[in-house]
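Colleague: Could you take me through the largest pocket in this model, and in particular what sort of residues line it? I'd like to hear how it sits in the rest of the chain too.

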Amino acid sequence: TLTSQFVGSWLTEFDDEEGGSLLLEFNADGTGSENFVLDGVTETEMFTWSTTSTLMTVTYAPDDVEELMYEFLTDDRVMFFAQEGDETFEVIFDRVID
């Protein structure tokens, strides 16, 4: 399933010393792209995605699948919960309004 609320562009900006940002594009057909900008260098990765009411599954390659819990804070703001080891990180993305 796809949660149509995700379709569009979402941005988070990092406020650590390197700065940088992550722009996610979710397409209605279940494809998407990730643009990671750090020190003026952009890395782009393509992926496919699907969701349940609380979980997003992102597949970059057959052996590279990530599952992220999420919660919409507003229609235009979503929080993802990323697990790394024993730590959980919360990352908030804001919808990019064209």
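Modeller: Sorted by class, the pocket lining comes out as 15 nonpolar, 6 charged and 2 polar residues. Keep in mind that this is a predicted model, so everything I say here is computed from predicted atoms. The space in that largest pocket is about 560 Å³. It has 23 lining residues, and the ones closest to the centre are Leu22, Glu34, Glu66, Leu68 and Ala82. As for where the lining comes from, strands S2 (21-26), S3 (31-38), S4 (41-51), S5 (55-61), S6 (64-74), S7 (77-84) and S8 (87-95) each give two or more residues to it.

Now for the chain around the pocket. There are 8 strands and 0 helices, so going from the N terminus you simply read β-β-β-β-β-β-β-β. The radius of gyration is 13 Å, close to the 13 Å that the globule rule gives for 98 residues, so the chain is as compact as a globular protein of that length. If you want a feel for the dimensions, the C-alpha atoms fill a box of roughly 35 × 35 × 30 Å along the principal axes. Some 30% of the 98 residues count as buried. And if you take contacts between residues at least 6 apart in sequence, 26% of them join residues at least 24 apart.

Two of the strands that help line the pocket, S4 and S5, are also linked through their aromatic side chains. Phe47 and Tyr60 make an edge-to-face pair, 5.9 Å centre to centre with 75° between the planes. Phe47 belongs to strand S4 and Tyr60 to strand S5, so this pair ties together parts that are 13 residues apart in sequence. Phe47 is buried, at a relative accessible area of 4%, where under 20% is what counts as buried. That pair is one of 14 aromatic pairs in the structure, and both rings belong to one aromatic cluster, made up of Phe6, Trp10, Phe26, Phe47, Trp49, Tyr60, Tyr70, Phe72, Phe80 and Phe93.

One last spot to look at while you have the strands on screen is Asp39, in the loop between S3 and S4. Most residues other than glycine have a negative phi. Asp39, though, has a phi near 50°, a positive value in a residue other than glycine. Unlike the buried Phe47, Asp39 is exposed, with a relative accessible area of 62%.

Key
Residues numbered from 1 in each chain as written. Predicted model: local features only at pLDDT ≥ 70, side-chain atom pairs only at ≥ 80, totals over all residues. Heavy atoms only, no water. 1 Å grid on protein atoms, 1.4 Å probe; cavity = no way out; pocket = protein on both sides within 12 Å on 5 of 7 lines; lining within 4 Å. Points joined across faces, edges and corners; volume = space filled by probe spheres on them. Helix = DSSP H or I, 4+ residues; strand = E, 2+ residues; numbered from the N terminus. Nonpolar A, V, L, I, M, F, W, Y, C, P; charged D, E, K, R; others polar. Phe/Tyr/Trp six-rings, centres within 6.5 Å; stacked < 30°, edge-to-face > 60°. Buried < 20%, exposed > 50% of the residue type's maximum accessible area, 1.4 Å probe, protein only. Rg over C-alpha atoms; globule rule 2.2 N^0.38 Å. Contact = heavy atoms within 4.5 Å.
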